[in-house]
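User: I'm new to this structure and would like a close look at one part of it. Could you walk me through the place where the ligand sits, and what is built around it?

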Amino acid sequence: MNGSEEIIPCALEHADLLAEMHLRSFPDAAWKAKDISAILIQKTNNGLVYCQDANPVGFILWQEVVGEAEILTLCIDPDFRGLGFSKKIMRRMVEQLYQASVNKVFLEVSEENTIALSLYQTLGFVEITRRSKYYHKFDGTTVDAVVMSVDI
Ligand SMILES: CC(C)(COP(=O)(O)OP(=O)(O)OC[C@H]1O[C@@H](n2cnc3c(N)ncnc32)[C@H](O)[C@@H]1OP(=O)(O)O)[C@@H](O)C(=O)NCCC(=O)NCCS
């Protein structure tokens, strides 16, 4: 894709935009702007926004605690998927964490989310455990969470 790409730090003033993006990616489990503000206000939490031609098209949020980090959410707008944006934003996050002496990253992902599983495996994450029936779907069924980690 042509155009300029930029990865910028998440700030509180992005909360409304991030909530709109979250809704486009997680229509059944979207976070409201106030939820995202509550995350961003915590000193342990951090995030990056992926911008295409100055327009935000995806973001990642994570939490850092004593040398370890946990990804809280990651999404790329549907029209901008498959272009390597999530790989780039995750690699930027890992660079930042490395600079901050964080040496391990954790995440949880639905066992049904094959695209995200593939992304994380590509970036070196490995499954460490599963949380049974962790995600509750609207049809009343449940799905296991795969807990993954990578050393950085
Ligand atoms: C998961 C998600 C963040 C991937 O973002 P993306 O920018 O499209 O991903 P990228 O283009 O950077 O691709 C990275 C890797 O993801 C995997 N991937 C991406 N699109 C894929 C597809 N259509 N089918 C299979 N794997 C795919 C591949 O492993 C790819 O690596 P490769 O290019 O070396 O094959 C995006 O699909 C999304 O926002 N989904 C909805 C929200 C979500 O599920 N978030 C994760 C919750 S844990």
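Analyst: Let's start right at the ligand, keeping in mind that this is a predicted model. One of the ligand's oxygen atoms lies 2.7 Å from a polar backbone atom of Gly84. Next to Gly84 in the numbering is Leu83, and there too the backbone is involved: a polar backbone atom of Leu83 is 3.2 Å from an oxygen atom of the ligand. With Ser118 it's the side chain that takes part, with an N or O atom 2.5 Å from a ligand oxygen. As for how wrapped up the ligand is, it would have 920 Å² of accessible area on its own, and the protein covers 71% of that.

Now step back a little. The ligand sits in the largest pocket. Four elements each give two or more residues to the shell around it: β4 (68-76), α3 (85-99), β5 (104-110) and α4 (114-122). Which of them gives the most? That's α4, with six residues.

Altogether, 21 residues surround the ligand. Gly84 and Ser118, which we've already met, are among the closest, and so are Gly82, Lys87 and Asn113. If you sort the shell by character, you get 11 nonpolar residues, seven polar ones and three charged ones.

Two of those shell elements, β4 and β5, are strands, so let's follow them outwards. β4 and β5 pair with each other in the parallel sense, over three bridges. To find that pairing in the model, look for Ala69, whose bridge partner in β5 is Val105.

β4 also pairs with β3, and here the strands run antiparallel, joined by eight bridges. β3 and β4 make a hairpin with two residues between them. In the turn you'll find Val66, which has a positive phi of about 30 degrees. Two pairs help you trace this hairpin: Val65 has Glu68 as its bridge partner in β4, while Gly58 is partnered with Ile76.

One more strand along, β3 (residues 55-65) pairs with β2 (residues 45-52). That pairing is antiparallel as well, over eight bridges, and a handy pair to look for is Val49 with its partner Phe59 in β3. β2 and β3 form a hairpin too, again with two residues between them. Its turn holds Asp53, with a positive phi of about 50 degrees.

So, to retrace the route: the ligand in its pocket, β4 and β5 in the shell around it, then from β4 across to β3, and from β3 on to β2.

Conventions: Residues are numbered from 1 along each chain as its sequence is written. This is a predicted model: local features need pLDDT of at least 70, side-chain atom pairs count only at pLDDT 80 or more; totals for chains, interfaces and linings use all residues. Side-chain values use heavy atoms; hydrogens and water are left out. A residue is near a molecule or strand if one of its heavy atoms lies within 4 Å of it. A polar contact is a pair of N or O atoms within 3.5 Å; within protein, one must be able to donate a hydrogen and the other to accept it, and residues adjacent in sequence count only if both atoms are side-chain atoms. Accessible areas come from the Shrake-Rupley method with a 1.4 Å probe; for residues, only the protein chains shown count as cover. On a 1 Å grid over the protein atoms alone, a cavity is a set of points where a 1.4 Å probe fits but cannot get out, and a pocket is an open set with protein on both sides within 12 Å along at least five of seven lines; lining residues have an atom within 4 Å of a point. A molecule sits in a cavity or pocket if more than half of its atoms lie within 2 Å of its grid points. Ala, Val, Leu, Ile, Met, Phe, Trp, Tyr, Cys and Pro count as nonpolar, Asp, Glu, Lys and Arg as charged, and the others, Gly among them, as polar. Two strands pair if DSSP finds at least two bridges between them.
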